[in-house]
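Student: I would like a close look at a single part of this structure, taken slowly and with its surroundings described. Could you choose one residue as the starting point and work outwards from there?

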Amino acid sequence: MRILHIMAGNGNGGAEVYSTDVMLALHEKSIDPKIDQCVVMRETAPRYQELKNAGIRMVPEVLRGSFRFWQRYKMKQVITREKPDIIHCWMRRAASLVPASAAKNGPLIGWFGNYEVIKHYAHCSDYVGVTKDIIAHTIKEGVAPDRATYIPTFPSIIDAPAIDRATLNTPKDAKVILTLSRLHPKKGLDILMQAVKDFQDCYIWMAGDGPMKQELHALSVKLGLQDRVRFLGWRTDRGALLKSADICAMPSNYEPFGTVILEAWQAKVPFVACNSAGPAAHIINEENGMLVPINDVAALGAAIRKTLDDKALQDKMVTNGYAEYMQSFTKEAITQTWLMHYNKLLERFHAQTQRGKQVA
């Protein structure tokens with residue numbers, strides 16, 4: 001099985017992280033010579049070198065030029081050279097680089113981590129979304145139900161000892177609320193800061209970077225939180241951070257899914273979120289997490305305070321969340337689902353090709 005992955009993003013967003021995790025997980029199974037991967041990705045992408053060091057063939061030249069017509073020309077050359085059985089387009093820009101003719105030679109997958117407009121994936125033969133609701137959206141947009149498949153993400157945190165709080169200038173007895181996200185208006189981090197500003201025992205660790213960094217710094221000063229907020233930047237030690245945290249929070253006002261949910265479940269950390277689409281689909285309030293209305297400062301603060309003060313509630317949410325992770329979202333289970341899906345698409349394509357030859 002020859003798979004050509006295309007990831008045109010250049011950041012540390014959820015799609016970039018997850019797509020790389022899938023490629024690496026598939027590579028771990030490449031003891032079977034039938035699994036052969038090639039990846040179109042920018043050399044400046046944060047995890048490009050990690051994939052290359054793992055022994056995966058990387059094709060950065062497609063994205064070196066700034067002109068779209070040149071990128072499409074180079075992509076056509078790569079497809080001709082690699083002769084992939086499957087082309088996997090991770091997000092909209094990747095799909096836009098693939099010529100329509102590519103779908104004649106094998107399945108062409110368009111991957112959705114969001115509620116995308118289908119016309120941007122017009123050349124794709126099949127669609128995969130990270131939530132059932134996103135798949136329902138694609139079908140509503142006109143995709144045939146048998147061409148749309150739900151495959152969730154999986155967490156990829158590395159098990160590690162809890163980070164020493166002293167290294168982040170945080171008292172040992174403080175209550176730590178951890179966020180793992182871009183510093184972006186959609187993430188509701190300003191709401192979180194307002195919600196806990198009067199909780200003198202609480203510190204906030206914000207792991208991530210983004211366009212709101214300066215604004216959030218300024219807000220911390222305005223709210224008198226500058227001594228209790230730590231801006232950590234982009235981190236690769238999410239497992240160590242989670243182990244040292246008392247709560248993992250996702251106060252997003254827009255979140256189609258959020259792999260952070262799974263990371264908190266895997267790490268056995270109580271999870272508190274606002275009820276944007278992703279958390280609302282997976283969190284049962286006070287069962288496997290806490291769920292509050294979007295942009296409701298008082299409700300978010302109350303949920304955090306209740307979680308911190310109620311050990312029995314913490315234990316219940318952690319136990320139920322971990323059980324759900326183990327049942328449906330492990331790396332091993334999701335990787336196997338991808339392999340089964342690839343094989344299913346190939347079998348269908350070959351059957352259709354054979355029928356076409358018989359008719360001819």
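Tutor: Let us start from His341, which lies in helix H13, the helix of residues 331-359, bearing in mind that this is a predicted model. Since the relative accessible area of His341 is 6%, and buried means under 20%, this histidine counts as buried. Leaving out residues up to four places away in sequence, the residues that His341 touches are Val128, Thr149 and Ile151.

Val128 leads us to strand S6, residues 126-129, which is covered on both faces. On one side of S6 are Asp126 and Val128, on the other Tyr127 and Gly129, and all of these are buried. As for its partners in the sheet, S6 pairs in the parallel sense with strand S5 (residues 108-112) over four bridges, and also in the parallel sense with strand S7 (residues 148-150), here over three bridges. Gly129 takes part in both pairings: Phe112 stands opposite Gly129, while in S7 the bridge partner of Gly129 is Tyr150.

Just past Phe112 comes the loop between S5 and S6, where Gly113 lies. With a relative accessible area of 28%, Gly113 is partly exposed. Gly113 and Val130 are 17 residues apart in sequence, yet their C-alpha atoms are 5.7 Å apart in space. If residues up to four places away in sequence are not counted, Gly113 touches Val130, Ile134 and Pro256.

The strands named so far belong to an open sheet of seven strands, with parallel pairing and the order S3-S2-S1-S4-S5-S6-S7. S7 stands at one edge and strand S3 (57-58) at the other, each with a single partner strand, so one side of each is left without a neighbour in the sheet. Two helices can be placed against this sheet. Helix H3, residues 68-82, packs on the sheet and touches S1, S2, S3 and S4, its direction making about 165° with that of S1. Helix H1, for its part, lies across strand S1 (2-7), strand S2 (36-41), strand S4 (86-90) and S5, and runs at about 160° to S1.

H1 also holds Asp21, which counts as buried because its relative accessibility is 8%. Not counting residues up to four places away in sequence, Asp21 touches Arg47, Phe154 and Ser156.

Val128 also gives us a route from S6 to Trp338, since Val128 is among the contacts of Trp338. Leaving aside neighbours within four places in sequence, the other residues in contact with Trp338 are Tyr18, Val22, His88, Trp90, Trp111 and Ile151. In general, nonpolar side chains in soluble globular proteins tend to be buried together. Here the largest nonpolar core has 89 residues, and the members that touch the most others are Ile6, Ile87, Phe271 and Trp338. Helix H1 (residues 14-28) supplies the largest share of this core, namely seven residues. Apart from that core lies another, of 29 residues, which includes Met193, Ala195, Val196 and Val292.

Note on methods. Residues are numbered from 1 along each chain as its sequence is written. This is a predicted model: local features need pLDDT of at least 70, side-chain atom pairs count only at pLDDT 80 or more; totals for chains, interfaces and linings use all residues. Side-chain values use heavy atoms; hydrogens and water are left out. A nonpolar core is a set of buried Ala, Val, Leu, Ile, Met, Phe, Trp, Tyr and Cys residues joined through side-chain atoms within 4.5 Å. Buried means under 20% relative accessible area, exposed over 50%, partly exposed in between (1.4 Å probe, protein chains only). Contact means heavy atoms within 4.5 Å. Two strands pair if DSSP finds at least two bridges between them. Axes are lines fitted to C-alpha atoms, for helices over the stretch in contact, and angles run from 0 to 180 degrees between N-to-C directions.
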